[in-house]
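This report concerns the packing of one pair of helices and the pairing of aromatic rings. The structure is shown below.

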Amino acid sequence: MTKAIPAKQALAGLSLGARPSGRTLLTAEWVLAHENGSHALLRNGEIVIENGTVTFAGHDFPGEVARRIDFGKSLISPGLIDLDALSDLDTTILGIDHFPSWKKGRVWPLSYVQNGPYEMYSPDDLAFQKRFAFGQLLLNGITTAAPIASLFYREWAETVAEFDAAAQAAGDLGLRVFLSPAYRSGGMVLHAPGDMRAHFDEPRGLRGLERAADYIARQSGRFDGLVQGMFAPDRVETCTAGLLRATMERAEEMNCKVRLHMAQGAMEVETVRNLHGATAPVWLAREGLLNDRLIAPHATEATHEDLELYAQNGVSVVHCPLVSGRHGGSLNSFSKLRDRGINIAMGTDTTPPDMLLNLLVGLISCRMNDGGPERVMTRDFFDAATIGGAKALGRTDLGRLMPGARADIAVFGLDDVTMAPSIDPITTLVAGGSGKVTKAVFVDGRLSMRFGQVAGIDMQSARDQAQEQFDRLIVQYPARTWDHPPVEEIFPPSYPLREKADA
């Protein structure tokens, strides 16, 4: 029998980014397998992978293997699924302490629109951002992602060129992605302090949809299926009924999912009510556009009627508790959506893309909103980050470790010095864990990350490059802010700043 080798030694002998040849057996103190339709914990369990597929999940594998890798005091888990995964430089930090948004450069002023919006990043910048963001996802145990980026810094929408680069990055690093360039038919423009109005150009949005469809037709299936299509019209208040109807028609033709942000903020709710006399879910239901193809982040502003429409039409909600909580919002609540039969997936939507941290924030906010701890358990959130995401994507071969599933695996260390003693790995990881304890990630059987090293990118050098881009971005804010104040007025420091005097 092949001897089990400790993970650090065994993984050092494998090529990062490659799929090991022959059968590989992974073992650890805990394995989260899948049986009879739900997850099951195996103590000292085993997972066997071959040619990108899980072929065994259990104890005492009877066959021969090329190698046995022992992760010791760890949990071998299905890779986490992030359906609202940041893929540019995170600027939500600029809205944490700086408000109102119209005064802090977070909405296009009319003067900027009249002068002609422009791309704030170069094509090389955008290609780098996808690669850097994908590396961060892998470091946190995320194996499947639907990328999201802000259109605020774009001339209008995302480009095919940057998403060609995104597909290449996913293939190089080894990340499963569902994507296409985002598009819109309108945007919010600041006409006067506090006076934000929607401006629309539906033909431009329809051209964006066709570019996205062409992209999906060309890219879907690349890198052994790691790259797949998903239509991504921008936030609901930036879309017309005509654009969304055409999107749903295209999605049905191409058998793709559609992700649309809605019921997520006060500005959206007010804008959609003014435009259509209803909330976004009610408006879409009236237009016949709610169905099980739709994946809808964030639902923090959803009414009871909205949620009932989601449940009746099979809409999946993407819960992003960290980014919502930072701005004072929360889902009301996870358990109430679950009780209605709404499928809940998870998203990070910010930096850090730490899904385990999001699960903890989600657990806390749900228990606060429901007035007690009994209504939701840590396993419910872990299900959402695995099975729930897979269901939203219509993929029964993701989010679980069982024979026939894709070998998308995250290994979380339970012996990290930051971790509390454990009796149950799921409770330990959700209640006090962090993506920082991720030891290794396999995607489609490929070793995409091991002990902080990511295939195809030097993350420390990339972090320095990201800071340089961010600094260049901030310098451009005055031209895009009402009345054009200097940067230090737009984003004042938390405490008085004292610069070192020149010699």
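## Helix packing and aromatic pairs

H3 and H16 are oblique to each other, because their angle falls outside the classes roughly parallel (under 35 degrees), roughly antiparallel (over 145) and roughly perpendicular (65 to 115). Helix H3 (residues 123-139) and helix H16 (residues 459-475) pack at about 130°, and their axes are 10 Å apart. Helices here are DSSP runs (H or I, at least four residues), numbered from the N terminus; axes are lines fitted to C-alpha atoms over the stretch in contact, with angles from 0 to 180 degrees between N-to-C directions.

The model is predicted: local features need pLDDT of at least 70 and side-chain atom pairs pLDDT 80 or more, while totals for chains, interfaces and linings use all residues. Residues are numbered from 1 along each chain as its sequence is written, and side-chain values use heavy atoms, without hydrogens and water.

Among the H3 residues in contact with H16 (heavy atoms within 4.5 Å) are Phe 128, Phe 132 and Leu 139.

Rings of Phe, Tyr and Trp (its six-membered ring) pair if their centres lie within 6.5 Å; planes under 30 degrees apart count as stacked, over 60 as edge-to-face and the rest as tilted. By this rule there are 11 aromatic pairs, including these two:

| Pair | Centre distance | Plane angle | Class |
|---|---|---|---|
| Tyr 112 and Tyr 118 | 5.6 Å | 65° | edge-to-face |
| Phe 152 and Tyr 153 | 5.0 Å | 85° | edge-to-face |

Phe 152 and Tyr 153 are both buried (under 20% relative accessible area, with exposed over 50% and partly exposed in between; 1.4 Å probe, protein chains only). Ring pairs also link Phe 152 and Tyr 153 into a cluster with Tyr 121, Tyr 477 and Phe 491. Tyr 112 is buried at 4%, whereas Tyr 118 is partly exposed at 30%.

Terms used:
Helix = DSSP H or I, 4+ residues; strand = E, 2+ residues; numbered from the N terminus.
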